[in-house]
Amino acid sequence: MIKVVGVRFKPAGKIYFFDPDKKWIKKGDSVIVETVRGIEFGQVVTGPKLIKEEEIISPLKKVLRIATNDDKQKNEDNKRKEQESFDICLKKIGDHKLNMKLVDIEYTFDNNKVIFYFTAEGRVDFRELVKDLASVFRTRIELRQIGVRDEAKMLGGLGPCGRPMCCSSFLGEFYPVSIKMAKEQKLSLNPSKISGICSRLMCCLNYEHEVYEENLKGLPQAGDKVEQKEEKGFGVVLDTNPLLKTVRVKMKKEDGTEEILDIAGDELIITEEAVVKGINAEGTDLATLKELED
């Protein structure tokens, strides 16, 4: 087991582990650390704890020091410079007539590098722009193309639910989200209903996925022919309710009449599986839905 502290460099950024190096560090402290990008200013979000060695990405770097007042002031100065540099870079992009959208700018703590984040529909030849920016800022310049999810995370905003977006408020990293998750949760497959402001599937579809997936394991699926254990009745499954663990079944009575009932999944036995074509109620083109996935 190795003792580490978790550090974030952005409010909802990924958590990175560092060796506290016998320093008295607690959650909420600002620290100076060394990363692959250089010296960085970060916030401790998880206090000292022991984790397994296989969870560490080697080599584990040490916390250089707890941030001083001078360090905090320098970090604030860097934030102001980022705002000023944004306008300069926008003008340079316009001068070079490049088809790209500037999203954010980030200075490393030691000012050894300035990173410009942008989005674009395709590849952009920004070599002349880099030379121009280097002559203005007189430091290392990096232009990094990002996707629409990362753009939404950086810019922030309100999601379709009316709350601050998950990615910009607490999600440290993105997790895969698929159309299958929306289907299993019985959500409308209308793209406007299940996509976020980034035009991709909403991250929150992943939150309850494990519960739905686990509950669906013990339930017959739509189209399955089933037998009711106690009543000795036979029927065909019309729909499932994963949360209640029930299924809606069209039961055939002994007198030949039919009745639609909601029955607990553990009261049914699958007698024969029917092949059913999956056509969603809204008639949405599945190819269009696939475009929402990463």
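Here is a short conversation about how some features of this predicted model get their names.

Modeller: This is a predicted model, so local features need pLDDT of at least 70 and side-chain atom pairs count only at pLDDT 80 or more, while totals for chains, interfaces and linings use all residues. Residues are numbered from 1 along each chain as its sequence is written, and side-chain values use heavy atoms, with hydrogens and water left out.

Colleague: Thanks! What makes Lys101 and Glu151 a salt bridge?

Modeller: A salt bridge needs a side-chain nitrogen of Lys or Arg within 4 Å of a carboxyl oxygen of Asp or Glu. The N to O distance for Lys101 and Glu151 is 2.6 Å, so the pair meets that rule. Lys101 sits in strand β6 and Glu151 in helix α3, 50 residues apart. Helices (H or I, at least four residues) and strands (E, at least two) are DSSP runs, numbered from the N terminus.

Colleague: Why is Glu151 called buried?

Modeller: Buried means under 20% relative accessible area, exposed over 50%, and partly exposed in between (1.4 Å probe, protein chains only). Glu151 has 11%, so the name buried fits. Its partner Lys101, at 45%, counts as partly exposed.

Colleague: And which residues of helix α3 are buried?

Modeller: They are Arg149, Glu151, Ala152 and Lys153. Their cover includes β6, β7 and α4.

Colleague: How do you know that Lys186 and Asp239 tie together separate parts of the sequence?

Modeller: Lys186 lies in the loop between α5 and α6, whereas Asp239 is in strand β10, so the pair joins parts 53 residues apart in sequence. Their closest N and O atoms are 3.0 Å apart, which makes a salt bridge.

Colleague: Why does Leu243 count as exposed?

Modeller: Its relative accessibility is 51%, and therefore it counts as exposed. Leu243 lies in the loop between β10 and β11. With Val211 and Leu244, Leu243 forms a nonpolar surface patch of about 310 Å² accessible area together. Patch residues have over 30% relative accessible area and no salt bridge; like charges are joined within 9 Å, nonpolar side chains (Val, Leu, Ile, Met, Phe, Trp, Tyr) within 5 Å. The areas come from the Shrake-Rupley method with a 1.4 Å probe; for residues, only the protein chains shown count as cover.

Colleague: Last one: what makes β7 and β8 a pair?

Modeller: Two strands pair if DSSP finds at least two bridges between them. β7 and β8 have six bridges, in the parallel sense, so they qualify as a pair.

Notes. Contact means heavy atoms within 4.5 Å.
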